[in-house]
Amino acid sequence: MKRRLQRGPAPRGGRSGPPFGTALVRGRSMVPTLREGDLLLVRYGAPPRPGDLVVARFVDGTVAVKRAVEERRTRSGAAGWWLLSDNPDEGVDSRHRGPVPEVDVLAVVRLRVWPSPRVGRRLRDR
């Protein structure tokens with residue numbers, strides 16, 4: 001029996017299902033690290049570390065792949081992350097929306113699956 005990986009972001013307020021899923025890159029905000037159409041393997045619920053690529057939900061509901069730069073507090077005092085684009089001239093990130101609450105950092109990118117696999121350090125370095 002084949003198991004399907006969950007696609008897309010986890011539902012707000014928690015998740016159930018497999019710990020791994022996929023994400024498809026849209027836009028140019030993560031160039032040169034990622035490009036439009038790259039397929040990523042992500043781990044839901046994994047704790048991010050500074051330098052990791054993450055899938056996060058911004059306050060306006062936008063779900064995006066960004067780089068976790070550092071832990072910061074939100075305006076309400078909750079734990080959060082400062083998330084930035086690798087391409088500062090494209091996309092929206094914490095410079096525009098502020099820190100993202102820790103609960104809205106949905107997954108950590110583990111590797112680029114397509115068009116050619118790329119793992120670990122090459123995804124962590126800018």
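This tour moves through a predicted model, selection by selection, from the whole chain to single residues.

**The whole chain**

Begin with the full protein in a cartoon view. The protein has two helices and nine strands. Followed from the N terminus, its elements run β-β-β-β-β-β-α-β-β-β-α. Of the 126 residues, 43% are buried. Switching to a surface view shows an accessible surface of about 7,500 Å², with 52% of that area belonging to carbon and sulfur atoms. If contacts between residues at least 6 apart in sequence are considered, 52% of them join residues at least 24 apart.

**The largest nonpolar core**

Next, select Ala23, Val25, Met30, Leu34, Leu40, Val42, Tyr44, Leu53, Val55, Val65, Ala107 and Val109, and show their side chains; these twelve residues form the largest nonpolar core. Strand E3 (39-44), strand E4 (53-57) and strand E8 (105-114) are the elements that each give two or more residues to this core. The largest share, three residues, comes from E3. A second, separate core has eleven residues, and Ala64, Ala68, Val105 and Val108 are among them. As a general tendency, nonpolar side chains in soluble globular proteins are buried together.

**Strand E6 and its partners**

Now select residues 79-84, which make up strand E6. How much of this strand is buried? Five of its six residues are, so E6 is largely enclosed by the rest of the structure.

Add residues 63-73, strand E5, to the selection; E5 and E6 pair in the antiparallel sense over six bridges. One place to look is Arg73, whose bridge partner in E6 is Ala79. The two strands form a hairpin with five residues between them, and in this hairpin Gly77 takes a positive phi near 90°.

Then add residues 100-101, strand E7, which runs antiparallel to E6 and is joined to it by two bridges. Centre the view on Gly80 to find Pro101 of E7 standing opposite.

**Asp38 and its surroundings**

Select Asp38, which is placed in the loop between E2 and E3. Is this residue buried or exposed? Asp38 counts as buried, at 4% relative accessibility.

Show the side chain of Asp38 and two polar partners come into view. The first to examine is the backbone nitrogen of Arg35, which the side chain reaches at 2.9 Å. The other is Arg112, with which Asp38 forms a salt bridge whose closest N and O atoms are 3.5 Å apart. Asp38 lies in the loop between strand E2 (20-24) and E3 while Arg112 lies in strand E8, so this pair ties together parts that are 74 residues apart in sequence. Arg112 also counts as buried, at 10% relative accessibility.

To see the wider setting, display the contacts of Asp38 beyond its neighbours within four places in sequence: Ala23, Leu24, Val25, Thr33, Arg112, Trp114 and Pro115. Ala23 and Val25 also appear in the largest nonpolar core.

**Further salt bridges**

The model contains six salt bridges in total. For another, select Asp60 and Arg97, whose side chains meet at 2.6 Å, N to O. Asp60 is in the loop between E4 and E5 and Arg97 is in helix H1 (residues 94-97), so the pair ties together parts that are 37 residues apart in sequence. Asp60 is partly exposed, with a relative accessible area of 43%, and Arg97 is likewise partly exposed, at 36%.

Staying in this region of the sequence, select Asp93 and Arg95, which form a salt bridge with closest N and O atoms 2.8 Å apart. Asp93 counts as buried, at 0% relative accessibility, whereas Arg95 is partly exposed, at 42%.

**Two cis peptide bonds**

Finish with two prolines. Select Val31 and Pro32, which are joined by a cis peptide bond with omega of about 15°; Pro32 is found in the loop between E2 and E3. Asp38 is placed in the loop between E2 and E3 as well.

Then select Trp114 and Pro115, where a cis peptide bond again has omega of about 15°. Pro115 is in the loop between E8 and strand E9 (118-119). Both Trp114 and Pro115 are in contact with Asp38, which brings the tour back to a residue already visited.

Terms used: Residues are numbered from 1 along each chain as its sequence is written. This is a predicted model: local features need pLDDT of at least 70, side-chain atom pairs count only at pLDDT 80 or more; totals for chains, interfaces and linings use all residues. Side-chain values use heavy atoms; hydrogens and water are left out. Buried means under 20% relative accessible area, exposed over 50%, partly exposed in between (1.4 Å probe, protein chains only). Helices (H or I, at least four residues) and strands (E, at least two) are DSSP runs, numbered from the N terminus. Two strands pair if DSSP finds at least two bridges between them. Contact means heavy atoms within 4.5 Å. Accessible areas come from the Shrake-Rupley method with a 1.4 Å probe; for residues, only the protein chains shown count as cover. A nonpolar core is a set of buried Ala, Val, Leu, Ile, Met, Phe, Trp, Tyr and Cys residues joined through side-chain atoms within 4.5 Å. A salt bridge is a side-chain nitrogen of Lys or Arg within 4 Å of a carboxyl oxygen of Asp or Glu. A polar contact is a pair of N or O atoms within 3.5 Å; within protein, one must be able to donate a hydrogen and the other to accept it, and residues adjacent in sequence count only if both atoms are side-chain atoms.
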